[in-house]
Amino acid sequence: MSVEFLLSDEQQAFRDLARTVASEAIAMAAAGSAATGEPLPSGERRRLAELGFLGICLPEEYGGAARPLLDALIVLEELAKESQLAAFQVFEANTGPARVVDLLGSAEQKARLLPPIIAGEKTIAVAISEPEAGSAATDLTTSARKDGHTYIINGVKRWCSGAGHAEQYLIYARLTDEPGAKAIGALVVDIDNPGISFGPPERLMGFEGIPSADIFLDEARVPATNLIVDAGGFGRLFTAFSIERLGNATMSLAIGQASLDRTARYVQERRQFGKALVEFQMIQSALADMIMQVEAARLLIYRAAQAAGRQTPVPLDASLAKCFANEMAVRVSDLAMMVHGGYGYSREYGIERLHRDAHGWAIAGGTPDIQRIRIVSEYLGRRFDQRA
């Protein structure tokens, strides 16, 4: 890795700890879950918590470490190179909906919701997309109407990672009759709420062990104290989403780095026509492309995270990093499959799984096409109406 100049001694030590842990029991347990399609065992989630990995960026008063975003991304990459499933727990806690609670929730909400996440007792998942609202998130129709000291939620959510397994859900819903983003806020719903149910598990191309399903909300009544962001706060929710984009980009970075690492070993060990594969110029060219792509993605991610500190990244920086890293992971994992030949296509060697997961991260959290629109919008300082 060629970015040591960007890291403090403490950050390098943190990275080394994550690397050691990733290569040991957690990776093995997660690999077993991925092979069966089962979620990470709760015991392994608690072990991640004991290591401090689930509260890296969360406040100290609730059991976290209040470290910069970059520290979480360093750990995330090391875990994800060995196991996307184990890393997903760190992703959700440090760059996912838990950070929305951290940044936008009240003191009471943070004191109630964050400690169980940091301790590995609960996971909170985010539910934004709907059957008719994906990239056009402001088209969502799930509603939450006020009834005294409670909200009653009705609607359907789709593509929720963790659905049916996470203990809590950050539901984006329409709180008033105003059009577009003006009515949208977010509430937390517990899995044992009588008004919440789940569709059958989705059978996805990748993401083994990370459950995904539809969520059905039928008169789900939640206390008003579970309202994290009121109507009109969609812009703040979306700003917090820039943190998730850097987490997403880092999961892609890990796929690219793992593909590169495995390919670099393979081409030096595998022999054809009497010499190592690495002696062939076409292989050297492919490997050079992989190295350049991975290093460029890492620098974009680190630049955005360094500038953010513990706050939200600049949206332009986050979109640049996500778009480039997503496409890098797809390209680099594809090159790895080609260089590995038949072995790359075999499930036994895991290269094809990296490629399948790479496509998943590119779709999640805003596709590269959506990021390109945001990049131009942020760069020029103007909005573009995709409906016109």
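Start by selecting Asp102, which is buried in this predicted model, its relative accessible area being 7%. That value falls under the 20% cut-off for buried residues.

Next, add Arg310 to the selection. The side chains of Asp102 and Arg310 meet in a salt bridge, with an N to O distance of 3.8 Å. Because Asp102 sits in helix H6 (residues 97-104) and Arg310 in the loop between H9 and helix H10 (315-340), the pair ties together parts that are 208 residues apart in sequence. Unlike the buried Asp102, Arg310 is partly exposed, at a relative accessible area of 26%.

Now move to Glu77 and Arg298. Their side chains form a salt bridge, at 2.5 Å from N to O. Display helix H4 (residues 69-82) for Glu77 and helix H9 (residues 281-308) for Arg298; the pair links distant parts of the chain, 221 residues apart. Are these two residues buried or exposed? Glu77 counts as buried because its relative accessibility is 1%, and Arg298 counts as buried because its relative accessibility is 0%.

The next stop is helix H12 (residues 351-363). Select Glu352 and Arg356, which both lie in this helix, four residues apart, or about one turn. A salt bridge joins Glu352 to Arg356, and their closest N and O atoms are 2.7 Å apart. Both Glu352 and Arg356 are buried. Extend the selection to Glu208 and Arg347: together with Glu352 and Arg356, these residues are linked in a network of salt bridges. For the structure as a whole, the count comes to 22 salt bridges.

Leave the charged pairs and turn on a cavity display. How many cavities of 30 Å³ or more does the structure hold? There are three. Go to the second largest cavity, which contains about 100 Å³ of space.

To find this cavity, select Phe88, Gln89, Gly162, His165 and Pro211, the residues that lie nearest its centre among the 15 that line the second largest cavity. Then show helix H5 (residues 84-95), which gives the most to this lining, with four residues. Finally, colour the lining of the second largest cavity by residue class: seven residues are nonpolar, six are polar and two are charged.

Notes: Residues are numbered from 1 along each chain as its sequence is written. This is a predicted model: local features need pLDDT of at least 70, side-chain atom pairs count only at pLDDT 80 or more; totals for chains, interfaces and linings use all residues. Side-chain values use heavy atoms; hydrogens and water are left out. On a 1 Å grid over the protein atoms alone, a cavity is a set of points where a 1.4 Å probe fits but cannot get out, and a pocket is an open set with protein on both sides within 12 Å along at least five of seven lines; lining residues have an atom within 4 Å of a point. Grid points are joined across faces, edges and corners, and a volume is the space filled by probe spheres set on the points. Helices (H or I, at least four residues) and strands (E, at least two) are DSSP runs, numbered from the N terminus. Ala, Val, Leu, Ile, Met, Phe, Trp, Tyr, Cys and Pro count as nonpolar, Asp, Glu, Lys and Arg as charged, and the others, Gly among them, as polar. A salt bridge is a side-chain nitrogen of Lys or Arg within 4 Å of a carboxyl oxygen of Asp or Glu. Buried means under 20% relative accessible area, exposed over 50%, partly exposed in between (1.4 Å probe, protein chains only).
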